[in-house]
Amino acid sequence: MIFYFSATGNSQWVAQYLSKAFNEPTCSVTDLLHVQAPDEISYLIQNQSEMLFFVFPVHSWGPAIVMRRFIRQLQLSGWRENRVFAVCTCGDDCGYTDRIVRKDLADKGITLEAFFSVKMPNNYILMRGFGIDSESVQEEKLALAPHVMEQIVHTIQKQSNSDSFILRAGMSWLKTYVVYPAFRCFVVGKQAFRATDTCISCGLCARICPTGTIVMEKGKPHWKGKDCVQCTACIHRCPVRAIEYGCVSTNKGRYVHPILNDKKSYQI
Ligand SMILES: Cc1cc2nc3c(=O)[nH]c(=O)nc-3n(C[C@H](O)[C@H](O)[C@H](O)COP(=O)(O)O)c2cc1C
Ligand code: SF4
Ligand code: SF4
């Protein structure tokens, strides 16, 4: 089984690639959270040859909070030394995300066999100074990703797992153990999203929000509560670019992986 969380499609593409390579089904954590109460998330491993994958984006040099919550809530039964892997996608640097995931899984009695990261187009735009990659950088990263996935699949098949797929740019301890906790404390839960008059009331933003933060009222989205994890799914995937984040996002581009636009060339 491949459990994945993805805001803008990068990690979804990775999950689909792994699904095809290892003949394991995919399960969207966002969809699961929409239909099941958090304390009812359980999964029974079918047999000993089944492989488990956790696929998610890096958020502030740590695992996306949605995936960490999911791992904590998951009641897994039938695990008998099945092979377990984690694959993250990131713009260029995952810090010590691997260590955090390894520990989260160990706390549930699950041993992570190997961790991999895949460089993908950046989707963080909610702070001054951060924007999406230029078109040429996006194209470069998307063109390289299948080759990296091919090597990851080969590595898993040969059981020659190593740390060489982990993208670390330096100062990882500071980023993962100081900045990431600060992000969780001070940024998550605060949000300044708003829908502009361009909104066509399609409701997509509410359907794809992994935390149930967006509520449609009188045909328009409203961001409620303090559970937004700043995944950026809503702001990038609105079909008419009707979502802004305070004044920070007004002149910035939006990004979604081509699979979310049904572009055949990126289908696996
Ligand atoms: C809140 C947030 C924080 C991010 N932090 C990092 C980071 O620390 N390092 C990095 O390389 N990319 C970072 N990114 C970029 C994403 O990890 C990257 O674009 C990822 O592939 C998105 O995956 P998705 O399309 O499956 O959501 C961040 C994105 C968001 C939304
Ligand atoms: S996705 Fe965009 S158009 Fe659709 S309801 Fe949300 S803000 Fe409006
Ligand atoms: S409201 Fe927050 S958690 Fe929900 S989709 Fe938007 S950024 Fe993600």
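Around ligand 3 in this predicted model, the shell comprises 14 residues, and those that come nearest are Cys 209, Cys 228, Cys 231, Ala 233 and Cys 234. By class, this shell around ligand 3 holds nine nonpolar residues and five polar ones, with no charged residue. Ligand 2 is surrounded by 13 residues, of which Cys 199, Cys 202, Leu 204, Cys 205 and Cys 238 are the closest. Here the division is 11 nonpolar and two polar, and once again charged residues are absent from the shell around ligand 2.

Ligand 1 has a shell of 25 residues, with Ser 6, Asn 10, Ser 11, Pro 57 and Cys 90 the closest. Helix H1 (10-22) and strands E4 and E7 are the elements that give two or more residues to this shell. The largest share, three residues, is that of E4. In composition, the shell around ligand 1 has 14 polar, nine nonpolar and two charged residues.

Cys 90, one of the closest residues to ligand 1, offers a convenient way into the rest of the fold. Cys 90 belongs to strand E7, and it counts as buried because 21 C-beta neighbours lie inside 10 Å, where 20 or more are required. Leaving aside residues up to four places away in sequence, Cys 90 touches Pro 57, Val 58, Ser 117, Lys 119, Met 120 and Leu 167. Pro 57 is itself among the closest residues to ligand 1. The contact with Met 120 spans 30 residues in sequence, while the two C-alpha atoms are 5.7 Å apart in space.

The strand that holds Cys 90 is mostly covered, as six of the seven residues of E7 are buried. On one hand, E7 pairs with E4 in the parallel sense over six bridges, and Leu 52 has Val 84 of E7 as its bridge partner. On the other hand, E7 runs parallel to E8, to which it is joined by six bridges. Two of the residue pairs can be named for E8: Thr 89 has Val 118 as its bridge partner, and Val 87 stands opposite Phe 116. E8 is in turn largely enclosed by the rest of the structure, since five of its six residues are buried.

Which elements cover the buried residues of helix H4? Among them are strands E4 (52-59), E5 (62-63), E7 (84-90) and E8 (114-119), together with helices H3 (65-73) and H6 (172-187). The residues of H4 (97-107) that are buried are Thr 97, Asp 98, Val 101 and Asp 104. These lie on the same side of H4, because the arc they cover around the axis is only 130 degrees. The face turned away from that buried side carries Lys 103, Ala 106 and Asp 107, which are exposed. After H4 comes Gly 109, with a positive phi near 80 degrees.

Val 248 provides another local view, in the segment after strand E12 (243-245). Is Val 248 buried, exposed or partly exposed? The count of other C-beta atoms within 10 Å is 16, so Val 248 is partly exposed. Not counting residues up to four places away in sequence, Val 248 touches Leu 126, Met 127 and Arg 128. The C-alpha atoms of Val 248 and Ala 192 are 9.5 Å apart in space, and these two residues are 56 apart in sequence.

At the level of the whole chain, there are 12 strands and eight helices. The C-alpha atoms fill a box of roughly 55 × 40 × 40 Å along the principal axes. The radius of gyration is 18 Å, which agrees with a compact globule, because a globule of 268 residues would have a value near 18 Å. Buried residues account for 35% of the 268 residues. Among contacts with a separation of 6 or more, 75% are between residues 24 or more positions apart. The link from Cys 90 to Met 120, at 30 residues apart in sequence, gives one example of such a separation.

Technical notes:
Residues are numbered from 1 along each chain as its sequence is written. Chains are lettered from A and ligands numbered from 1 in the order in which they are written. This is a predicted model: local features need pLDDT of at least 70, side-chain atom pairs count only at pLDDT 80 or more; totals for chains, interfaces and linings use all residues. A residue is near a molecule or strand if its C-beta atom, placed from the backbone, lies within 6 Å of it. Ala, Val, Leu, Ile, Met, Phe, Trp, Tyr, Cys and Pro count as nonpolar, Asp, Glu, Lys and Arg as charged, and the others, Gly among them, as polar. Helices (H or I, at least four residues) and strands (E, at least two) are DSSP runs, numbered from the N terminus. The radius of gyration is taken over C-alpha atoms; the globule rule is 2.2 Å times the number of residues to the power 0.38. A residue is buried if 20 or more other C-beta atoms lie within 10 Å of its own, exposed if 12 or fewer, and partly exposed in between; C-beta atoms are placed from the backbone. Two residues are in contact if their C-beta atoms, placed from the backbone, lie within 7 Å. The arc is that of the directions from the helix axis to the C-beta atoms. Two strands pair if DSSP finds at least two bridges between them.
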